[in-house]
Amino acid sequence: EMRILKYAKSFVKYTIDPNYRFLIDSSRGRYDEMPDDQYLQRCFRACMGEDLHLDAPKTFNEKLQWLKLYDRKPEYTVMVDKYRVREYIKEKIGEEHLIPLLGVWDKAEDIDFDKLPNQFVLKCTHDSGGLCICRDKSTFDKKQCVEYLNNRLSHNYYKKWREWPYKDVPPRLIAEQYIDVISKSPLTHKETISAEELQGEQGLLDYKFMCFSGCVRAIFLDIGVVKGSSKHAEDYYRNVYDRDFNLLPVKETRENYPLHIKKPDNFDKMVAIAEKLSAGLPHVRVDLYNVKGRVYFGEFTFFHGSGLSNFFIPNKWDKTFGDWIALPEKSI
(Lines give C-alpha, C1' and ligand atoms only; values in the text may rest on other atoms or scores of the structure.)
Protein backbone atom coordinates (compact mmCIF):
# COMPACT_ATOMS: atom_id res chain seq x y z
CA GLU A 1 0.00 0.00 0.00
CA MET A 2 2.83 2.39 0.81
CA ARG A 3 4.39 1.72 -2.58
CA ILE A 4 1.10 2.31 -4.38
CA LEU A 5 0.61 5.57 -2.46
CA LYS A 6 4.13 6.68 -3.37
CA TYR A 7 3.55 5.99 -7.07
CA ALA A 8 0.21 7.76 -6.95
CA LYS A 9 1.77 10.87 -5.43
CA SER A 10 4.54 10.82 -8.05
CA PHE A 11 1.99 10.47 -10.84
CA VAL A 12 -0.05 13.41 -9.56
CA LYS A 13 3.09 15.52 -9.20
CA TYR A 14 4.20 14.54 -12.71
CA THR A 15 0.79 15.57 -14.04
CA ILE A 16 0.51 18.98 -12.39
CA ASP A 17 4.12 20.13 -11.89
CA PRO A 18 5.87 21.06 -15.18
CA ASN A 19 9.27 21.38 -13.51
CA TYR A 20 9.08 17.90 -11.99
CA ARG A 21 7.80 16.55 -15.30
CA PHE A 22 10.75 18.10 -17.14
CA LEU A 23 13.28 16.50 -14.77
CA ILE A 24 11.64 13.07 -15.07
CA ASP A 25 11.38 13.27 -18.86
CA SER A 26 14.95 14.55 -19.21
CA SER A 27 16.22 11.60 -17.14
CA ARG A 28 14.51 9.36 -19.70
CA GLY A 29 16.34 11.04 -22.57
CA ARG A 30 13.41 12.97 -23.99
CA TYR A 31 15.40 16.21 -24.23
CA ASP A 32 18.77 14.80 -25.27
CA GLU A 33 18.68 16.78 -28.52
CA MET A 34 17.67 20.08 -26.93
CA PRO A 35 20.40 22.76 -27.32
CA ASP A 36 22.51 23.15 -24.21
CA ASP A 37 21.52 26.74 -23.44
CA GLN A 38 17.79 25.99 -23.64
CA TYR A 39 18.21 22.78 -21.66
CA LEU A 40 20.13 24.47 -18.84
CA GLN A 41 17.59 27.25 -18.58
CA ARG A 42 14.85 24.63 -18.17
CA CYS A 43 16.96 22.70 -15.64
CA PHE A 44 17.72 25.81 -13.65
CA ARG A 45 14.06 26.75 -13.44
CA ALA A 46 13.11 23.20 -12.45
CA CYS A 47 15.83 22.78 -9.82
CA MET A 48 16.23 26.29 -8.44
CA GLY A 49 12.73 27.67 -8.83
CA GLU A 50 13.92 30.80 -10.65
CA ASP A 51 15.11 31.93 -14.06
CA LEU A 52 18.72 31.61 -15.17
CA HIS A 53 20.33 34.93 -16.12
CA LEU A 54 23.04 33.98 -18.59
CA ASP A 55 23.45 37.55 -19.81
CA ALA A 56 24.56 38.79 -16.36
CA PRO A 57 25.08 35.85 -13.99
CA LYS A 58 25.83 36.79 -10.38
CA THR A 59 25.49 33.74 -8.11
CA PHE A 60 27.76 30.71 -7.90
CA ASN A 61 25.02 28.51 -9.37
CA GLU A 62 24.36 30.88 -12.27
CA LYS A 63 28.02 31.30 -13.13
CA LEU A 64 28.56 27.54 -13.21
CA GLN A 65 25.87 27.31 -15.91
CA TRP A 66 27.63 30.08 -17.86
CA LEU A 67 30.92 28.19 -17.59
CA LYS A 68 29.28 25.00 -18.86
CA LEU A 69 28.27 26.83 -22.01
CA TYR A 70 31.08 29.25 -22.70
CA ASP A 71 34.30 27.95 -21.11
CA ARG A 72 35.13 24.86 -23.13
CA LYS A 73 38.75 23.83 -23.45
CA PRO A 74 40.11 20.43 -24.58
CA GLU A 75 42.20 19.96 -21.43
CA TYR A 76 39.04 19.92 -19.33
CA THR A 77 38.06 16.60 -20.94
CA VAL A 78 41.42 15.13 -19.90
CA MET A 79 41.09 16.54 -16.39
CA VAL A 80 37.72 14.88 -15.68
CA ASP A 81 38.75 11.53 -17.24
CA LYS A 82 39.78 9.49 -14.20
CA TYR A 83 42.25 7.47 -16.27
CA ARG A 84 43.82 10.12 -18.51
CA VAL A 85 44.07 12.62 -15.63
CA ARG A 86 46.72 10.40 -14.07
CA GLU A 87 49.26 11.40 -16.71
CA TYR A 88 48.18 15.03 -16.31
CA ILE A 89 48.81 14.89 -12.54
CA LYS A 90 52.13 13.11 -13.04
CA GLU A 91 53.32 15.97 -15.26
CA LYS A 92 51.93 18.75 -13.04
CA ILE A 93 52.87 17.67 -9.50
CA GLY A 94 54.51 14.23 -9.71
CA GLU A 95 53.54 10.57 -9.70
CA GLU A 96 53.92 10.32 -5.91
CA HIS A 97 50.56 12.10 -5.56
CA LEU A 98 48.67 9.39 -7.47
CA ILE A 99 46.83 6.55 -5.76
CA PRO A 100 48.40 3.35 -7.20
CA LEU A 101 46.58 1.98 -10.25
CA LEU A 102 45.63 -1.74 -10.27
CA GLY A 103 44.04 -2.05 -13.70
CA VAL A 104 41.96 -0.53 -16.50
CA TRP A 105 39.16 -2.17 -18.53
CA ASP A 106 36.55 -1.31 -21.17
CA LYS A 107 33.75 -3.29 -19.54
CA ALA A 108 33.09 -4.84 -16.15
CA GLU A 109 33.09 -8.44 -17.44
CA ASP A 110 36.78 -8.04 -18.28
CA ILE A 111 37.74 -7.53 -14.63
CA ASP A 112 39.67 -10.49 -13.19
CA PHE A 113 38.72 -10.15 -9.53
CA ASP A 114 41.07 -12.99 -8.57
CA LYS A 115 44.03 -10.82 -9.54
CA LEU A 116 42.89 -7.88 -7.45
CA PRO A 117 43.93 -7.57 -3.78
CA ASN A 118 41.50 -8.10 -0.91
CA GLN A 119 40.68 -4.39 -0.85
CA PHE A 120 40.31 -2.08 -3.87
CA VAL A 121 38.20 0.67 -5.42
CA LEU A 122 36.61 0.40 -8.87
CA LYS A 123 35.73 3.64 -10.65
CA CYS A 124 34.07 4.67 -13.89
CA THR A 125 36.35 7.06 -15.75
CA HIS A 126 33.61 9.02 -17.55
CA ASP A 127 31.21 10.16 -14.84
CA SER A 128 30.92 11.41 -11.28
CA GLY A 129 30.13 9.02 -8.44
CA GLY A 130 30.25 5.74 -10.35
CA LEU A 131 32.31 3.50 -8.09
CA CYS A 132 32.36 0.28 -6.07
CA ILE A 133 34.43 -0.06 -2.91
CA CYS A 134 35.64 -3.51 -1.86
CA ARG A 135 36.80 -3.70 1.74
CA ASP A 136 36.79 -7.51 1.89
CA LYS A 137 36.58 -9.80 -1.16
CA SER A 138 35.06 -12.61 0.90
CA THR A 139 31.86 -10.57 1.36
CA PHE A 140 32.02 -8.47 -1.83
CA ASP A 141 29.08 -8.94 -4.23
CA LYS A 142 30.90 -9.13 -7.57
CA LYS A 143 27.77 -9.76 -9.64
CA GLN A 144 25.99 -6.72 -8.25
CA CYS A 145 29.10 -4.59 -8.78
CA VAL A 146 29.45 -5.72 -12.42
CA GLU A 147 25.78 -4.96 -13.13
CA TYR A 148 26.03 -1.55 -11.49
CA LEU A 149 29.21 -0.54 -13.31
CA ASN A 150 27.97 -1.72 -16.71
CA ASN A 151 24.82 0.33 -16.18
CA ARG A 152 26.94 3.40 -15.44
CA LEU A 153 29.14 2.73 -18.48
CA SER A 154 26.07 2.75 -20.74
CA HIS A 155 25.20 6.37 -19.91
CA ASN A 156 26.73 9.59 -21.21
CA TYR A 157 27.08 11.67 -18.05
CA TYR A 158 27.16 14.89 -20.06
CA LYS A 159 23.56 14.56 -21.20
CA LYS A 160 21.98 14.79 -17.73
CA TRP A 161 23.29 18.20 -16.62
CA ARG A 162 25.24 19.26 -19.75
CA GLU A 163 28.63 19.28 -18.07
CA TRP A 164 30.58 19.65 -21.30
CA PRO A 165 33.97 18.25 -20.14
CA TYR A 166 32.41 14.78 -19.78
CA LYS A 167 30.89 14.71 -23.27
CA ASP A 168 33.74 12.91 -25.04
CA VAL A 169 35.33 10.97 -22.19
CA PRO A 170 35.57 7.29 -23.26
CA PRO A 171 33.70 5.09 -20.75
CA ARG A 172 36.18 2.80 -19.00
CA LEU A 173 36.84 1.30 -15.59
CA ILE A 174 39.89 1.58 -13.38
CA ALA A 175 40.85 -0.10 -10.14
CA GLU A 176 42.85 1.81 -7.56
CA GLN A 177 44.43 0.77 -4.32
CA TYR A 178 42.13 1.03 -1.30
CA ILE A 179 43.54 3.37 1.31
CA ASP A 180 42.74 1.99 4.75
CA VAL A 181 43.22 4.61 7.46
CA ILE A 182 40.99 3.15 10.17
CA SER A 183 42.82 2.79 13.49
CA LYS A 184 41.96 -0.11 15.77
CA SER A 185 42.54 1.84 18.95
CA PRO A 186 39.44 3.65 20.30
CA LEU A 187 39.71 7.37 20.91
CA THR A 188 38.47 9.42 23.83
CA HIS A 189 36.47 12.34 22.52
CA LYS A 190 36.99 15.80 23.88
CA GLU A 191 35.81 19.09 22.45
CA THR A 192 38.75 19.16 20.03
CA ILE A 193 40.16 16.42 17.81
CA SER A 194 43.02 16.43 15.34
CA ALA A 195 42.29 15.72 11.69
CA GLU A 196 44.63 12.75 11.88
CA GLU A 197 42.82 11.24 14.89
CA LEU A 198 39.46 11.81 13.24
CA GLN A 199 40.60 10.09 10.06
CA GLY A 200 41.93 7.14 12.05
CA GLU A 201 38.56 6.68 13.68
CA GLN A 202 36.08 7.63 10.96
CA GLY A 203 37.84 6.84 7.70
CA LEU A 204 39.41 8.79 4.88
CA LEU A 205 38.72 12.53 5.02
CA ASP A 206 37.96 14.20 1.70
CA TYR A 207 39.38 17.72 1.34
CA LYS A 208 37.63 19.62 -1.45
CA PHE A 209 39.55 22.80 -2.30
CA MET A 210 37.36 25.41 -3.98
CA CYS A 211 39.76 27.27 -6.25
CA PHE A 212 39.06 30.51 -8.10
CA SER A 213 41.58 31.88 -10.62
CA GLY A 214 44.25 29.70 -9.02
CA CYS A 215 43.48 30.79 -5.44
CA VAL A 216 41.95 28.61 -2.73
CA ARG A 217 39.03 30.54 -1.25
CA ALA A 218 37.26 27.78 0.68
CA ILE A 219 37.60 24.12 1.61
CA PHE A 220 34.80 21.62 2.03
CA LEU A 221 35.89 18.90 4.46
CA ASP A 222 33.75 15.76 4.08
CA ILE A 223 33.61 13.42 7.06
CA GLY A 224 31.95 10.01 6.84
CA VAL A 225 31.09 8.72 10.31
CA VAL A 226 31.45 5.01 11.10
CA LYS A 227 28.82 3.41 13.32
CA GLY A 228 29.59 0.39 15.47
CA SER A 229 32.01 -2.13 13.98
CA SER A 230 30.98 -1.38 10.39
CA LYS A 231 33.45 0.40 8.14
CA HIS A 232 30.70 1.75 5.91
CA ALA A 233 30.17 5.47 6.28
CA GLU A 234 26.54 5.91 7.26
CA ASP A 235 26.38 9.54 8.35
CA TYR A 236 28.15 12.43 6.69
CA TYR A 237 29.19 15.85 7.85
CA ARG A 238 30.68 18.72 5.86
CA ASN A 239 32.61 21.63 7.35
CA VAL A 240 33.38 24.72 5.31
CA TYR A 241 36.72 26.46 5.99
CA ASP A 242 38.61 29.43 4.64
CA ARG A 243 42.11 29.02 3.17
CA ASP A 244 43.64 29.20 6.67
CA PHE A 245 41.38 26.43 8.01
CA ASN A 246 39.12 28.73 9.97
CA LEU A 247 35.55 27.41 10.13
CA LEU A 248 33.23 29.65 8.11
CA PRO A 249 29.70 30.54 9.31
CA VAL A 250 28.00 28.60 6.52
CA LYS A 251 26.63 25.09 5.98
CA GLU A 252 26.80 23.43 2.58
CA THR A 253 24.49 20.44 1.99
CA ARG A 254 25.26 18.81 5.38
CA GLU A 255 25.60 19.60 9.05
CA ASN A 256 28.91 20.60 10.62
CA TYR A 257 30.90 18.00 12.54
CA PRO A 258 30.13 18.46 16.27
CA LEU A 259 33.76 18.61 17.47
CA HIS A 260 36.38 21.25 16.72
CA ILE A 261 38.89 19.84 14.23
CA LYS A 262 42.45 21.07 14.46
CA LYS A 263 44.30 22.17 11.35
CA PRO A 264 45.71 19.03 9.71
CA ASP A 265 49.36 18.28 9.09
CA ASN A 266 50.40 19.06 5.51
CA PHE A 267 47.54 21.55 5.17
CA ASP A 268 49.75 24.27 3.66
CA LYS A 269 51.15 21.68 1.25
CA MET A 270 47.63 20.74 0.17
CA VAL A 271 46.76 24.40 -0.44
CA ALA A 272 49.90 24.84 -2.56
CA ILE A 273 49.09 21.71 -4.61
CA ALA A 274 45.48 22.80 -5.16
CA GLU A 275 46.60 26.23 -6.30
CA LYS A 276 49.20 24.81 -8.66
CA LEU A 277 46.64 22.48 -10.23
CA SER A 278 44.01 25.22 -10.57
CA ALA A 279 46.30 27.94 -11.96
CA GLY A 280 44.78 29.70 -14.96
CA LEU A 281 41.28 28.29 -14.44
CA PRO A 282 38.30 30.51 -13.53
CA HIS A 283 37.04 27.85 -11.14
CA VAL A 284 37.66 24.21 -10.30
CA ARG A 285 37.28 22.03 -7.22
CA VAL A 286 40.42 20.04 -6.42
CA ASP A 287 39.83 17.00 -4.19
CA LEU A 288 42.81 15.79 -2.17
CA TYR A 289 43.52 13.19 0.52
CA ASN A 290 46.09 13.53 3.29
CA VAL A 291 47.42 10.17 4.48
CA LYS A 292 50.41 9.56 6.76
CA GLY A 293 52.40 12.51 5.50
CA ARG A 294 51.51 12.05 1.84
CA VAL A 295 49.02 14.08 -0.21
CA TYR A 296 47.04 12.13 -2.83
CA PHE A 297 45.03 13.56 -5.72
CA GLY A 298 41.34 12.61 -5.82
CA GLU A 299 39.66 14.33 -8.76
CA PHE A 300 38.81 17.58 -10.49
CA THR A 301 35.23 18.87 -10.41
CA PHE A 302 34.34 21.86 -12.56
CA PHE A 303 30.69 22.10 -11.53
CA HIS A 304 30.13 21.41 -7.84
CA GLY A 305 26.64 19.95 -7.50
CA SER A 306 26.29 20.82 -11.20
CA GLY A 307 25.35 24.31 -10.03
CA LEU A 308 21.76 23.14 -9.68
CA SER A 309 21.22 22.97 -5.96
CA ASN A 310 20.44 25.34 -3.13
CA PHE A 311 23.74 24.57 -1.42
CA PHE A 312 24.27 27.24 1.14
CA ILE A 313 22.76 28.12 4.51
CA PRO A 314 22.53 31.08 4.70
CA ASN A 315 21.84 31.48 1.00
CA LYS A 316 23.86 34.74 0.74
CA TRP A 317 26.94 32.55 0.30
CA ASP A 318 25.70 31.62 -3.17
CA LYS A 319 26.44 35.23 -4.10
CA THR A 320 29.73 35.26 -2.15
CA PHE A 321 31.03 32.23 -4.01
CA GLY A 322 29.73 33.73 -7.24
CA ASP A 323 31.72 36.91 -6.62
CA TRP A 324 34.89 34.80 -6.52
CA ILE A 325 34.40 33.62 -10.12
CA ALA A 326 35.85 36.01 -12.68
CA LEU A 327 34.24 34.90 -15.92
CA PRO A 328 36.75 34.50 -18.78
CA GLU A 329 36.34 35.35 -22.44
CA LYS A 330 34.00 32.93 -24.16
CA SER A 331 35.77 29.90 -25.62
CA ILE A 332 33.44 27.52 -27.45
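Which residue stands opposite H283 in β11? Select H283 and look across to F212, which is the residue that stands opposite.

The model on display is predicted, so local features are reported at pLDDT of at least 70 and side-chain atom pairs only at pLDDT 80 or more, while totals for chains, interfaces and linings use all residues. Residues are numbered from 1 along each chain as its sequence is written, and side-chain values use heavy atoms, with hydrogens and water left out.

**Stop 1: strand β11 and its partners**

Select residues 283-291, which form strand β11. Strands here are DSSP runs of E with at least two residues, helices are runs of H or I with at least four, and both are numbered from the N terminus. Nine of the nine residues of β11 are buried, where buried means under 20% relative accessible area, exposed means over 50%, and partly exposed lies in between (1.4 Å probe, protein chains only).

In a regular strand the side chains alternate between the two faces of the sheet. Colour the two sets separately: H283, R285, D287, Y289 and V291 point one way from β11, and V284, V286, L288 and N290 point the other way.

Next, add residues 206-212, strand β6, which pairs with β11 in the antiparallel sense over six bridges. Two strands count as paired if DSSP finds at least two bridges between them. Then add residues 294-301, strand β12, which runs antiparallel to β11 and is joined to it by seven bridges. Within β12, E299 is the bridge partner of D287. The hairpin of β11 and β12 has two residues between the strands, and K292 in this hairpin takes a positive phi near 50°.

**Stop 2: salt bridges**

Show the charged side chains. A salt bridge is a side-chain nitrogen of Lys or Arg within 4 Å of a carboxyl oxygen of Asp or Glu, and by this rule the count comes to 23.

Begin with D32 and K159, whose closest N and O atoms are 3.9 Å apart. D32 lies in the loop between α2 (18-27) and α3 (36-48) and K159 in helix α8, so this salt bridge ties together parts that are 127 residues apart in sequence. D32 is partly exposed at 26% relative accessibility, and K159 is also partly exposed, at 34%.

Move to D222 in strand β7 (residues 215-226) and R238 in strand β8 (residues 233-241), which are 16 residues apart. Their side chains meet in a salt bridge of 2.6 Å, N to O. D222 is buried at 8% relative accessibility, and R238 is buried at 5%.

Keep D222 selected and add R254, which meets D222 in a salt bridge of 3.3 Å, N to O. R254 is in the loop between β9 (251-252) and β10 (260-262), 32 residues from D222. At 25% relative accessibility, R254 counts as partly exposed.

Finally, select K82, D206, K208, R285, D287 and E299, which are joined into one network by salt bridges that share partners.

**Stop 3: E163**

Which side chain of opposite charge is nearest to E163? Select E163 in the loop between α8 (157-161) and β4 (173-177). K68 is the nearest such side chain, at 4.8 Å, and E163 is buried yet has no salt bridge. For this assignment Lys and Arg count as positive and Asp and Glu as negative, with His and the chain ends not counted.

The side chains of E163 and S306 are joined by a polar contact of 2.8 Å. A polar contact is a pair of N or O atoms within 3.5 Å; within protein, one must be able to donate a hydrogen and the other to accept it, and residues adjacent in sequence count only if both atoms are side-chain atoms. Leaving out residues up to four places away in sequence, E163 touches K68, Y157, Y158, F303 and S306, where contact means heavy atoms within 4.5 Å.

**Stop 4: Y241**

Select Y241 in strand β8; Y241 is buried, with a relative accessible area of 3%. A polar contact of 2.9 Å joins the side chains of Y241 and N239. Beyond its neighbours within four places in sequence, Y241 is in contact with several residues, including R217, A218, I219 and L248.

**Stop 5: cysteines**

How many disulfides does a search of the whole structure find? The search finds zero, a disulfide being a pair of cysteine sulfur atoms within 2.5 Å. The sulfur of C47 is 5.7 Å from the closest cysteine sulfur, in C43, which is too far for a bond.
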